[in-house]
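I opened the notebook to record what I looked up in this model. The entries follow the order in which I looked.

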Amino acid sequence: MIEFLQANLAPVMFAGLIVFLLLGYSVAFSLAACGLFFGYFGVELGLLPESLLHALPLRMIGILKNDTLLAIPFFTFMGLILERSGMAEDLLDTVGQLFGPIRGGLAYATVFVGAMLAATTGVVAASVISMGLISLPIMLRYGYDRRLASGVIAASGTLAQIIPPSLVLIVIADQLGRSVGDLYAGAFIPGFVLTLLYAGWVLAVTLVKPAAAPALPLEARTIREPDGSPGMRSVLVLFLLAVGGAVLFAQTRPAETPKDELIVVSMCVGIGIAFALAVLNRVAKLHLLSRMAERVTFVLIPPLALIFLVLGTIFLGIATPTEGGAMGAVGALVMASSRRRLSIKLMKQAMEATMKLSSFVLFILLGATVFSLTFQGVDGPRWVEHLLTSLPGGQIGFLIVVNLLVFVLAFFLDFFELAFIIIPLLGPVAEKMGVDLVWFGVVLAVNMQTSFMHPPFGFALFYLRSVAPHQKHVDHVTKKEIAPVTTGQIYWGAVPFVVIQVIMIGLVIAFPALVTGGLVKQQEVDLDTLQIEAAPSDYGSGDEAARPPAQEAAPGDAGKEGAATAPEAPNKEQEEDPAKALLEEMAKEKKK
Amino acid sequence: MEGLLKLSRRIDALTERIGALVLWLVLAAVLISAANAVARKVFDIGSNAFLEIQWYLFAAIFLLGAGYTMLRQGHVKIDVILGRFSKRTQIKVEIFGIVCFLFPFVIQVIRLVWPIVVQAYASGELSENAGGLLRWPVYALIPTGFALLGLQGVSELIKRIGFLMGRCDDPTHPVQQESAEEELAEEIRRRQVAPEVVGMVEAADDLANDARGRGQRP
């Protein structure tokens, strides 16, 4: 018996974990209990050293010192304040009116606003509730297919999980030992592609079954000119002016400016132009812009400004994700108070929810630390490695099996549990197999996103169910009777989007360039050939050479180091000295 | 039992009060971190003490808030299986969890971390960064937070036993304000019904009069 245990303690412990978790007590404490139980068991049997648990205090203190995780309360707080600031409602109303006149327009608006909310509030529940209460009734009123309507809302809501500043990516970055900035940059294009795929599905539906997503009838288009025209030309002109301004500005920049900086700064210029014109028009009462153009500009600017404040500064390497989160939280406070939506009560609620989320997430991490301490003691990581490296198909085989595993586990576990239990086990194996960990992390993030829309446990579906009409009711605009949305319709509506999600996982696995070829590669192409050879070898493999200093820089002194390099990084010096530019580029990379 | 239930109510009140205080640290952390970031970028100044206070505050938030989170049923559970059983069975499993999972964890952590706090206090351990902070207060947050968690665990245990004996209400559904999600939904509903009317009146108004060009809804 003892011999059997000696040889198989790792698998036994893993099975024990599943039993402990499925018992149904709080995950954090079950994890810890599993670690403690097997720890004592092992010590009693003489399989483990008695000093096993003595490493625990230091690990716990290490968690306290972890700067990365600090971003979690900041982004949570920011999202909670924003979700109540009325921003989502304005966006949905206005963008719905903007796209409404085309077939499938409300569905496109949902996808688009879902992506924007993802980049700002980043709270799945809030996005789904807002869209379910604002867009769903309109879609139902004008005869949208119920499955399409509910599916598109649930799926767009889950974009918050993959589009930065998502909490999942922070946790994954922390667990894989990569920088949050790298994961954000890596997840950006997959998130964008996913948004396009959702929109593509809407397009496909409207082509095959036009009746499933009709255009808004004339009487439902409320933002119109005094003479009744939609005022779209004005929107187009303003849009072209902004784009033109941005492109012109981009061309005046020195050719050596890094691409990501160029894109972000030019976008800001374009947005600034549109905003300035709209303000000028309003203040001087020029009446050059249509109501639609003005409304769209004023509604889109605040979230775009916030996205720049947070994501722009993180991508440019000006701010760490933690700082970006803090700035974003202050920005959210400013925005909510400028809309007169900020109250002490709301602040307290947001702080309370932030405290609870931080506590439960960090306690899962503490519990997982106890578990992994014992699991390492029983040589668990090696067992996992043997298990996974013996799979056929090398890297691809590994990725497929791992993704299947996570896909199935996502039915039962939520993403924090997955991230803290599964990723520490998989990460080292992936690294040994030569899998780029940033890529790996993004693949898993796309995968875990599905856990929010799996019927029947998906959170997004649950929240949509809670706000979708349960009963037959008479619509107060059209006075027609509207049937309830059934739970089956919500479930079936999610299915095509789960399929899209699986396709996306396949795409990211098949084309790693979607992740690693993001903003970073583009900028390398533009620099001298010398840099193309030098930079990727440090970045792409992201290994021994680059890591230790990056990790050392992570705690307190990251701030000072960044202060020394970052402000000088842009333009001038780079023109003269490519080698210096490269060094700075790397410093920036590390800091991210 | 009556005495125990009274004790449990006392503990709940204490936890409640601590939670109400600790939540303000979230705002403090946000403001300090944002100020740090601005100071570093714009004025090129930084202080290690202020950088370190960020994670001291974070540690205080999640450690001291752990008991409160438990009171509010905030530590997530996997209830795919347990959810199918009767309420009484669920409560029994939770009693088992508190006694066999939570308490050993709390006791172990306090036992292991306490010597380190004492040592750091005695030696006056300072941060390795210049101008950094004293370490023992943040180390002491670990046993303090776990003690509060354990205390709340005692209260939860009493309430569950009380429930099984029919002496108190279901402790897993405490009388509580509506959740943040419900409240958000409520707020949107309130505004959504009115604005549609408002929106139509607004449009008619605008058509009738002149384009006042109102950019945003109030």
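**Cavities.** I searched this predicted model for enclosed space and got 5 cavities of 30 Å³ or more. I took the largest cavity to begin with, and its space comes to about 90 Å³. I listed its lining: Y25(A) and S26(A) from chain A, with T69(B), M70(B), Q73(B), G74(B), H75(B), K77(B), I98(B), E156(B) and R160(B) from chain B. I then asked which elements give two or more residues to this lining, and found α4 and α6 of chain B. By class, I have the lining of the largest cavity down as 3 nonpolar, 5 polar and 3 charged residues.

I went on to the second largest cavity, which holds about 50 Å³ of space. I noted L80(A), E83(A), R84(A), L346(A), Q349(A), A350(A) and A180(B) as its lining. The elements I found giving two or more residues here are α4 (71-83) and α15 (344-377) of chain A. I credit α15(A) with the largest share of this lining, 3 residues. The classes I wrote down for the second largest cavity are 4 nonpolar, 1 polar and 2 charged.

**Interface.** I turned to how chain B meets chain A. I found 83 residues of chain B in contact with 98 residues of chain A. The size of an interface is often given as the accessible area lost when the parts come together. I looked up that area for the two chains: they bury about 8300 Å² between them, and 69% of it is on carbon and sulfur atoms.

For polar pairing across the interface, I counted 11 residue pairs in polar contact, with both residues at pLDDT 80 or more. I asked which helices of chain B supply at least two residues each to the side that touches chain A, and wrote down α1 (2-22), α2 (24-42), α3 (48-64), α4 (66-71), α5 (87-123), α6 (136-164) and α7 (180-208). The largest share of that side, 16 residues, I traced to α5(B). I sorted that side of chain B by class and got 49 nonpolar, 15 polar and 19 charged residues.

**Salt bridges.** Side chains of opposite charge can pair when their charged atoms come close. I counted 5 salt bridges between chain B and chain A. I checked one pair, R84(A) with E183(B), whose side chains meet in a salt bridge at 3.8 Å, N to O. I had already met R84(A) in the lining of the second largest cavity.

I then searched the whole structure and found 23 salt bridges over all chains. I picked out R141(A) and D475(A), whose side chains meet in a salt bridge at 2.9 Å, N to O. What does this pair tie together? I placed R141(A) in helix α7 (residues 124-141) of chain A and D475(A) in the loop between β1 (473-474) and β2 (481-482) of chain A, so the pair ties together parts that are 334 residues apart in sequence.

**Backbone.** I looked for unusual peptide and phi values last. I found a cis peptide bond joining P164(A) and P165(A), with omega about 0°. I located P165(A) in the loop between α8 (146-158) and α9 (167-176) of chain A. I also noted R340(A), which is not a glycine but has a positive phi of about 55°. I placed R340(A) in the loop between α14 (321-338) and α15 of chain A. This α15 is the helix I had credited with 3 residues in the lining of the second largest cavity.

Methods. Residues are numbered from 1 along each chain as its sequence is written. Chains are lettered from A and ligands numbered from 1 in the order in which they are written. This is a predicted model: local features need pLDDT of at least 70, side-chain atom pairs count only at pLDDT 80 or more; totals for chains, interfaces and linings use all residues. Side-chain values use heavy atoms; hydrogens and water are left out. Contact means heavy atoms within 4.5 Å. Buried area is the accessible area (1.4 Å probe) that two parts lose on being put together, summed over both. A salt bridge is a side-chain nitrogen of Lys or Arg within 4 Å of a carboxyl oxygen of Asp or Glu. A polar contact is a pair of N or O atoms within 3.5 Å; within protein, one must be able to donate a hydrogen and the other to accept it, and residues adjacent in sequence count only if both atoms are side-chain atoms. Helices (H or I, at least four residues) and strands (E, at least two) are DSSP runs, numbered from the N terminus. Ala, Val, Leu, Ile, Met, Phe, Trp, Tyr, Cys and Pro count as nonpolar, Asp, Glu, Lys and Arg as charged, and the others, Gly among them, as polar. On a 1 Å grid over the protein atoms alone, a cavity is a set of points where a 1.4 Å probe fits but cannot get out, and a pocket is an open set with protein on both sides within 12 Å along at least five of seven lines; lining residues have an atom within 4 Å of a point. Grid points are joined across faces, edges and corners, and a volume is the space filled by probe spheres set on the points.
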